Amino acid sequence: MTPLADTHVHLLAGLDDGPSSMDEAVAMCRMLVTEGARHATALAHQNEGYPENVADRLRYATTLLTAKLTEKQIPLAVYPTGEVMLSPTTFEDWQAGYLLTVGGHNQWMLVEMPHGMFLDVLPIVEQFRPHGIRLIIAHAERYQELLYDPALTEKWIAAGCMIQVTAGALANPWEAGMEKALHNWVTGGFVHVIGSDGHGLEWRRPVLAAGYERLVSWVGHAAAERIGSLWGVSVLQGLPVQVPSPKPPQRSWFSRLFG
Ligand SMILES: [Fe+2]
């Protein structure tokens, strides 16, 4: 069985809009294991809505969760991570030690757009580049400006970004055109890691398996394993990851002949 990596799941009890208790967090971890995951972020929001969520707080909460998972013999490794909302001070906030990169390895920062906005990440990419930190665009399918613009996505990937897609969106796209756009992304090599974006047991549950199966049906086992497992585990553990450039878009026989 492929040990899946959930690179986006809120598991830190009481720290954000994720699980409200340790019991709920542990139940989410059990569910993730049944979904096929063996590695997951212990993640909480880092934005102005949660000013107390500084890096040390997330790290400490993760040690408590790890101890509980060991005690309950739940085979899920968890990695402290911030879901960083981009702001004009993202780089300075990281320098000050407030922001937590994925697993605390200072290799990847998981970032989301400010509410209702879509920013060009390239200036921030350049700020972090000298420090060896690259960005993962969290739940990238949410941003129509990206999902329906392969040239822009390609530009961000070329600049060193990884694209994260929510497993539930792969399994059940929620708007017309999204399935085709996601299919184009996945088959074109634009998608690097998946996450459940799980928040709890009552709503936004940590589902992964159906999205992974969708990847298998679109690109086969080997490519799906890279996205669902290999690259995700490497990111979580701070191992080197080289993702290939996206493939050029397929040209039809007509345009090859006459284009
Ligand atoms: Fe999230």
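**Strands, core and iron site in a predicted model**

Strands S4 and S5 (residues 134-137) run parallel and are joined by four bridges. The model discussed here is a predicted one. One of the residue pairings between these strands can be picked out easily: Trp108 has Arg134 of S5 as its bridge partner. To get from S4 to S5, the chain passes through helix H4 (residues 122-128), and this β-α-β crossover is right-handed.

S4 also pairs with strand S3 (residues 77-85), again in the parallel sense, this time over three bridges. Here Glu83 finds its bridge partner in Leu110 of S4. Between S3 and S4 the chain travels through helix H3 (residues 90-95), in a β-α-β crossover that is right-handed.

How well covered is strand S4 (residues 108-112)? Five of its five residues are buried. In a regular strand, side chains alternate between the two faces of the sheet. In S4, Trp108, Leu110 and Glu112 lie on one side, Met109 and Val111 lie on the other, and all of them are buried, leaving both faces covered.

Glu83 leads on to the metal site, where Glu83 (OE) is one of the protein donors of the iron ion, together with His8 (NE2), His10 (NE2) and Asp197 (OD). These donors lie 2.1 to 2.5 Å from the iron ion. Why is the arrangement irregular? The angles subtended by the four donor atoms run from 77 to 170 degrees, whereas a tetrahedral site would need all angles between 85 and 135 degrees. Along the sequence, the donor residues follow the spacing H-x1-H-x72-E-x113-D. His10 sits in the loop between strand S1 (4-6) and helix H1 (22-34), and Asp197 sits in the loop between strand S7 (193-195) and H9, so this pair ties together parts that are 187 residues apart in sequence. Both ends of that link are covered: His10 is buried, with a relative accessible area of 0%, and Asp197 also counts as buried, at 6% relative accessibility.

Finally, the nonpolar core deserves a look. Nonpolar side chains tend to be buried together in soluble globular proteins. The largest nonpolar core in this model has 85 residues, and the members that touch the most others are Ile137 and Trp185. Helix H9 (residues 209-237) gives the most to this core, with ten residues. Which residues does Trp185 contact, leaving aside its neighbours within four places in sequence? They are Ala140, Glu141, Leu146, Leu147, Thr153, Ile163, Val165, Phe190 and Val191.

Definitions and conventions
Residues are numbered from 1 along each chain as its sequence is written. This is a predicted model: local features need pLDDT of at least 70, side-chain atom pairs count only at pLDDT 80 or more; totals for chains, interfaces and linings use all residues. Side-chain values use heavy atoms; hydrogens and water are left out. A nonpolar core is a set of buried Ala, Val, Leu, Ile, Met, Phe, Trp, Tyr and Cys residues joined through side-chain atoms within 4.5 Å. Buried means under 20% relative accessible area, exposed over 50%, partly exposed in between (1.4 Å probe, protein chains only). Helices (H or I, at least four residues) and strands (E, at least two) are DSSP runs, numbered from the N terminus. Contact means heavy atoms within 4.5 Å. Donors are N, O and S atoms within 2.8 Å of the metal (3.2 Å for Na, K and Ca); water is not among the atoms, so sites may look incomplete. Four donors count as tetrahedral if all angles lie between 85 and 135 degrees; four count as square planar and six as octahedral if opposite donors are over 155 degrees apart and all others between 65 and 115; anything else is irregular. Two strands pair if DSSP finds at least two bridges between them. A crossover is right-handed if, with the strands pointing away from the viewer, the path from the first strand over the helix to the second runs clockwise.
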